[in-house]
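This report introduces a protein model to someone who has not seen it before. Please look over the sequence and the structure before reading on.

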Amino acid sequence: MRKILKLNSISPLADEYFKSYEYSDSVTNPDGIMVRSAAMADYAVGENLLAVARAGAGTNNIPVADYAAKGIVVFNTPGANANAVKELVICELFLGGRKITDAIDWAKTLKGEGENVGKLVEKGKSKFVGHEIMGKTLGVIGFGAIGILVANAAAALGMKVIGVDPFLSTKNALLLDPSVKLAADRDEIYKNADFITVHVPLTPDTRGMFNAETFAKMKDGAVLINNSRGELVDEAAVIEVLESGKLERYITDFPTDKLIGVKNAICVPHLGASTPEAEDNCAVMAARQLWDYLENGNIVNSVNYPAVSMAKSGMQRLCVHAKGADVAKIVAAVPNVANMQSASKGEYSYLICDLSKELKAADLKKIEAVEGVIRVRTI
Ligand code: MLT
């Protein structure tokens, strides 16, 4: 029986996929792992582990590259929590324009003032005048599932939206509201945007992308919203520009000890995807992808292996993971191929072959011996 380890609490809607498996938070040497935010860097990988499914978009809690080298597929669930994050960003646009959080804190100080509260409110409220978002320019960095929803919703609220994404797919471009303008580069966003919202993964290239140099390029009084990952923003630099007033507000889903309490830093405790709807969507998508991989060898939405899937046919399915390999040499070593598909992502390749006859042990050995082959599995 296959074993799936649950490293975090996961919506029970995932259970449906693992009915015939052992699925719990205490299984040892699992075939698959379902995870949300648990840090996996120190997790001792057992020899059976085939795949990890993250119920969420970011995978920076998983050693993705090490797992790729071991032939372990890491899945995420792009888009499954996009609406939840979009709604939080829209809320944060209002928090960025109006001094709502400070005003609510101040209103709490009026407790005990009895009948004077009304008068004190009217007298004190002028300190909390803010501005509207309608007509202001929103810069969206990253047009994945979340960035697109945010751009379209902001446009519907009357904002001028400009955005940038060097990897914008045609499919996503077609989903954008026609009023959304594409900027040539991020500098165009920094120069023009009153509000900036970032929707990119944390990678070596994006780490610290908001730093003293980029803040200097922004409009005075801009608002930065970051629901992607805290490390995209250089902490010392953002505190400096908040203190100088260059940045009017920094709203982040990733509080740190240094940021909490800094004037005009609004720290939300990682609530972007914390809705039952998003948790259900992510759990179902992660479970379906993990199940399909374990049962059929199909890969959909992996961050470290290419997408390869096909309907099963033949007597047996062979799945091969390889690094820097010549896929033609692998195929040449496989007898009785009835149907096959392969693809590469960076230096990693994945190949599925449906066979008209079951492989013999000696055939498997030959395939494993092809240069670059990391892992071979038959289903
Ligand atoms: C994501 O990566 O999907 C969001 O940050 C929410 C989460 O971490 O679960």
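What follows describes one sheet and then some charged pairs.

The model is predicted, so that local features need pLDDT of at least 70 and side-chain atom pairs count only at pLDDT 80 or more, while totals for chains, interfaces and linings use all residues. Residues are numbered from 1 along each chain as its sequence is written, and side-chain values use heavy atoms, with hydrogens and water left out.

An open sheet of 4 strands runs in the order β14-β15-β13-β16 with antiparallel pairing, where strands are DSSP runs of E of at least two residues and helices runs of H or I of at least four, and two strands pair if DSSP finds at least two bridges between them. Because β14 (337–345) and β16 (373–378) each have a single partner strand, they stand at the edges, with one side of each left without a neighbour in the sheet. Strand β13 (residues 316–323) pairs with β16 over 5 bridges in the antiparallel sense, and A322 stands opposite V373 in β16.

The count of salt bridges comes to 9, each being a side-chain nitrogen of Lys or Arg within 4 Å of a carboxyl oxygen of Asp or Glu. The table gives three pairs, among them one between R36 and E279.

| Pair | Closest N to O |
|---|---|
| K19 and E16 | 3.0 Å |
| R36 and E279 | 3.1 Å |
| K125 and E122 | 2.9 Å |

R36, in the loop between β3 (32–35) and β4 (51–54), and E279, in helix α10 (residues 276–296), are 243 residues apart.
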